[in-house]
Amino acid sequence: MSKRYFKNVFLDCQEVDSSTSYDFWKDNVYRLMELVSQNTSSSSDNDLYTGTTGIAYMFYHLSTSEGFKNNSTALLNKTVAVLRLTGSHLSEKYSSQFICGNAGINAVNAAVYHQIGDEKTAEMYLERFKNGLAICKPINFFKPGGDELFVGRAGYLYGLLWLEKVFNRKIIADLDIIQLCLTIVESGRNYSKKNRSIFPLMYSYYNTEYLGAAHGLSTILQALISFPCFIEKEQKAMEDIKTCIDILISLQTTSGNFPCAMDELNSRKRPESDELVHWCHGAPGVIYLLAKAYLVFKEPSYLECCLKCGDLVWTKGLLKKGPGLCHGIAGNGYVFLLLYRLTGDKKHLNRAVQFGKFIFTDECIQGSRRPDNLYSLYEGLAGTVCYLSDLTQPEKASFPFLDVF
């Protein structure tokens with residue numbers, strides 16, 4: 001019996017399990033949403049990761065989801081109430097830190113006020129988000145590692161991509177985006193040269209060369225290939241990025257996983273029984289880079305790597321760490337929703353449905369560990385709610401802030 005995951009006994013079908021009704025998902029979404037709502041004030045943070053802004057994002061996400069449109073006004077009112085409860089709407093601070101800082105708080109506030117039609121307030125928060133750009137422009141703005149997703153430049157770029165979709169327009173000039181991307185590339189080249197990395201671009205976060213989504217190379221590279229203005233103009237940078245992707249793929253294990261960091265290669269490799277199959281570390285996060293690379297470069301080998309990730313997550317992805325996004329079942333379930341959108345193959349949608357169903361089984365409820373932040377977006381039930389609501393609209397589903405389409 002694995003200490004990290006429950007055994008998957010579900011049938012792997014080519015058709016979607018029809019025993020679970022649309023109402024089952026909606027009822028459970030509302031039930032869990034109420035639970036989160038009642039415990040919002042238990043959070044001491046304001047950020048997206050474990051704080052109240054993440055909970056506000058959950059309400060916002062529901063208000064814009066097809067199946068919950070009828071309740072949109074009430075959901076948006078709840079969103080605003082949560083933002084006001086924390087005082088995050090009063091914060092005049094700005095930073096470039098998206099998942100774990102004020103850039104994320106400003107972005108969500110901007111989106112919410114835009115959605116309710118208060119454009120003046122929305123523009124104020126948008127301006128604060130834009131002010132974060134100047135902070136992360138200097139190459140060494142954050143010494144422990146200023147390029148990654150949670151507090152670095154990559155995170156700021158994901159926030160920008162999300163806001164461009166929300167507002168359906170350019171937020172920051174192409175020239176500024178290209179400059180920021182080039183800074184990330186320069187930073188990666190400098191580090192790689194100094195530390196003689198096998199990758200032309202490499203980064204470290206608190207002295208660890210992570211490869212996964214949370215602090216590592218994969219989401220940094222994904223951010224860079226997500227901006228056409230950069231891809232088209234910077235050929236040399238693109239060659240280095242492409243080389244990095246190909247080297248990363250060469251590190252995919254026979255089971256379909258990826259090492260968490262460069263200090264886990266060769267003789268220091270984790271035993272397979274102890275491998276991490278989490279969004280934050282491992283294949284369930286790296287797959288977003290591979291999917292984006294497949295869409296950009298059109299190479300079938302990238303899709304094959306994605307499918308290997310999917311098979312691994314199907315086998316080892318029912319995690320005992322809880323139902324959340326970062327290192328939980330919902331985060332792994334998003335792998336199948338991504339593959340469904342990428343391939344149109346209903347096998348992946350069925351897998352996503354089975355992961356959603358498992359969250360409500362006695363085995364999962366009794367055998368799972370309680371997350372540190374049970375009601376939060378990345379560790380707890382707010383993220384689970386986003387996943388379950390996306391099961392009602394799989395054609396539009398995406399892991400929060402990491403949409404590759």
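This is a chat between a student and a tutor about side-chain contacts in a predicted model.

Student: Before we start, what kind of model is this, and how are residues numbered?
Tutor: It is a predicted model, in which local features need pLDDT of at least 70 and side-chain atom pairs count only at pLDDT 80 or more, while totals for chains, interfaces and linings use all residues. Residues are numbered from 1 along each chain as its sequence is written, and side-chain values use heavy atoms, with hydrogens and water left out.

Student: OK, how many salt bridges are there in the whole structure?
Tutor: The search finds 24 of them, where a salt bridge is a side-chain nitrogen of Lys or Arg within 4 Å of a carboxyl oxygen of Asp or Glu. Side chains of opposite charge can pair when their charged atoms come close.

Student: Which residue does Asp 246 pair with?
Tutor: Asp 246 forms a salt bridge with Lys 242, and their closest N and O atoms are 3.2 Å apart. The two are 4 residues apart in helix 10 (residues 235-250), which means that about one helical turn separates them. Helices here are DSSP runs (H or I, at least four residues), numbered from the N terminus.

Student: And is Lys 242 buried or exposed?
Tutor: Lys 242 counts as buried at 17% relative accessibility, whereas Asp 246 is partly exposed at 32%. Buried means under 20% relative accessible area, exposed means over 50%, and partly exposed lies in between, with a 1.4 Å probe and protein chains only.

Student: Where does Lys 316 sit, and where is Glu 275?
Tutor: Those two form a salt bridge, with 2.6 Å between the closest N and O atoms. Lys 316 lies in helix 12 (residues 300-316) and Glu 275 in the loop between helix 10 and helix 11 (283-297), so the pair ties together parts that are 41 residues apart in sequence. Both ends are buried, Lys 316 with a relative accessible area of 11% and Glu 275 with 10%.

Student: Which residues do shared salt-bridge partners join into one network?
Tutor: The network consists of Lys 3, Arg 4, Glu 264, Arg 270 and Asp 274. Within it, Glu 264 and Arg 270 meet at 2.9 Å, N to O, with Glu 264 buried at 13% and Arg 270 partly exposed at 27%.

Student: Switching topic, which residues have the most contacts inside the largest nonpolar core?
Tutor: They are Trp 162, Phe 199 and Trp 279, in a core of 143 residues. A nonpolar core is a set of buried Ala, Val, Leu, Ile, Met, Phe, Trp, Tyr and Cys residues joined through side-chain atoms within 4.5 Å.

Student: What does Phe 199 touch?
Tutor: Leaving aside residues up to four places away in sequence, Phe 199 touches several residues, including Leu 211, Cys 244, Ile 247 and Met 262; contact means heavy atoms within 4.5 Å.

Student: How many aromatic pairs are there?
Tutor: The count comes to 29, where rings of Phe, Tyr and Trp (its six-membered ring) pair if their centres lie within 6.5 Å, and planes under 30 degrees apart count as stacked, over 60 as edge-to-face and the rest as tilted. The rings of Tyr 60 and Trp 162 have centres 5.9 Å apart and planes at 80°, so that pair is edge-to-face. Tyr 60 lies in helix 2 (residues 52-63) and Trp 162 in helix 6 (residues 153-167), so the pair ties together parts that are 102 residues apart in sequence.
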